[in-house]
Amino acid sequence: MGIFKYFKDILSGLWNLLVGLTVTSKYFLNFKAVTTQQYPEERLPLPARSRSMIKLIYDGEKDQFNCVACLMCAKACPNSCIKLEGVRQPDGKRRMTTFKLDFSTCIFCGYCVEACGFDALTFVSEEYENAVYRRGSLLQDEHAMKWIRPPQPVAPEAQKNETATPAVAGA
């Protein structure tokens with residue numbers, strides 16, 4: 001009984017060795033496509049909904065940030081890494097004066113972006129290299145996080161409809 005198990009284990013080992021060598025030879029002889037990326041020369045595009053870097057949206061037309069200092073993002077953050085202050089302006093509207101986000105404790109959960117009801121925070125998928133030499137540089141303020149939304153291209157059909165519809169003058 002012992003000699004039968006001995007030879008069975010030898011044959012099982014040889015079979016597993018052949019399976020492993022088959023996989024290795026496929027890659028060695030390049031039967032499969034190469035999946036290696038030559039980083040940083042070649043960079044794969046990230047999906048649009050990737051959670052890579054949080055930015056404050058700046059409205060260039062109004063020359064101000066969209067943030068109204070409602071503190072919803074700070075309350076939604078599970079790590080309390082958002083600190084912000086705001087003031088009430090003479091017209092009664094609140095505006096943010098300081099915004100600090102500590103990326104050394106941020107887990108990029110996205111709760112702050114979801115909690116913001118004023119379209120002031122967003123994930124920017126173009127920036128995903130977050131490695132730094134000094135931990136202190138991970139504490140960013142509103143100027144380091146400033147992001148201006150790129151203009152949306154207008155569809156040709158929408159341009160035709162705008163030019164084809166004449167403006168009606170008031171009587």
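The chain holds four helices and seven strands. This is a predicted model, and read from the N terminus its elements follow the order α-β-β-α-β-β-α-β-β-β-α. Of the 171 residues in the chain, 24% are buried.

A good place to start is strand S1, which spans residues 54-59. This strand is mostly covered, with six of its six residues buried. In a regular strand, side chains point to one face of the sheet and then the other in alternation. Here both faces turn out to be covered: Ile54, Leu56 and Tyr58 sit on one side, Lys55, Ile57 and Asp59 sit on the other, and all are buried.

S1 also has several strand partners. With S5 (121-123), the strand runs antiparallel and is joined by three bridges; isoleucine 54 has phenylalanine 123 as its bridge partner there. Strand S7 (residues 146-148) pairs with S1 in the parallel sense, again over three bridges, and lysine 146 of S7 stands opposite leucine 56. Then there is S2 (residues 64-65), which pairs with S1 in the antiparallel sense over two bridges. In that pairing, aspartate 59 faces glutamine 64 of S2. S1 and S2 make up a hairpin with four residues between them, and in the turn aspartate 63 shows a positive phi of about 60°.

Next come the aromatic rings. A pair of these is described by how far apart the centres lie and by the angle between the planes. Searching the whole structure turns up three aromatic pairs. In one of them, the ring centres of tyrosine 58 and phenylalanine 65 are 5.1 Å apart and the planes meet at 75°, so this pair counts as edge-to-face. Both tyrosine 58 and phenylalanine 65 are buried. Another pair, phenylalanine 103 with phenylalanine 108, is stacked, with 5.8 Å from centre to centre and 15° between the planes. Phenylalanine 103 has a relative accessible area of 8%, so this residue falls in the buried class. Tyrosine 58 has a further neighbour to mention: lysine 146 lies over the face of its ring, at 4.0 Å from the ring centre.

That leaves the pockets. The largest pocket has a volume of about 190 Å³. Its lining is made up of Ala48, Arg49, Ser50, Arg51, Gly110, Val113, Glu114, Thr122 and Phe123. Helix H3 (111-115) and strand S5 each contribute at least two of the lining residues. Sorted by class, the lining splits into three nonpolar, three polar and three charged residues. Phe123, part of this lining, is also the bridge partner of isoleucine 54 described above.

The second largest pocket holds about 160 Å³ of space. Around this pocket are Ile57, Tyr58, Asp59, Gly60, Glu61, Asn66, Asp119, Ile148, Arg149, Pro150 and Pro151. S1 gives the most to this lining, with three residues. By class, the lining of the second largest pocket has five nonpolar, two polar and four charged residues. Tyr58 thus turns up in several places: in the lining of the second largest pocket, in the edge-to-face pair with phenylalanine 65 and under lysine 146.

How values were computed: Residues numbered from 1 in each chain as written. Predicted model: local features only at pLDDT ≥ 70, side-chain atom pairs only at ≥ 80, totals over all residues. Heavy atoms only, no water. 1 Å grid on protein atoms, 1.4 Å probe; cavity = no way out; pocket = protein on both sides within 12 Å on 5 of 7 lines; lining within 4 Å. Points joined across faces, edges and corners; volume = space filled by probe spheres on them. Nonpolar A, V, L, I, M, F, W, Y, C, P; charged D, E, K, R; others polar. Phe/Tyr/Trp six-rings, centres within 6.5 Å; stacked < 30°, edge-to-face > 60°. Buried < 20%, exposed > 50% of the residue type's maximum accessible area, 1.4 Å probe, protein only. Lys NZ or Arg CZ within 6 Å of the ring centre and 35° of its normal. Pairing = 2+ DSSP bridges.
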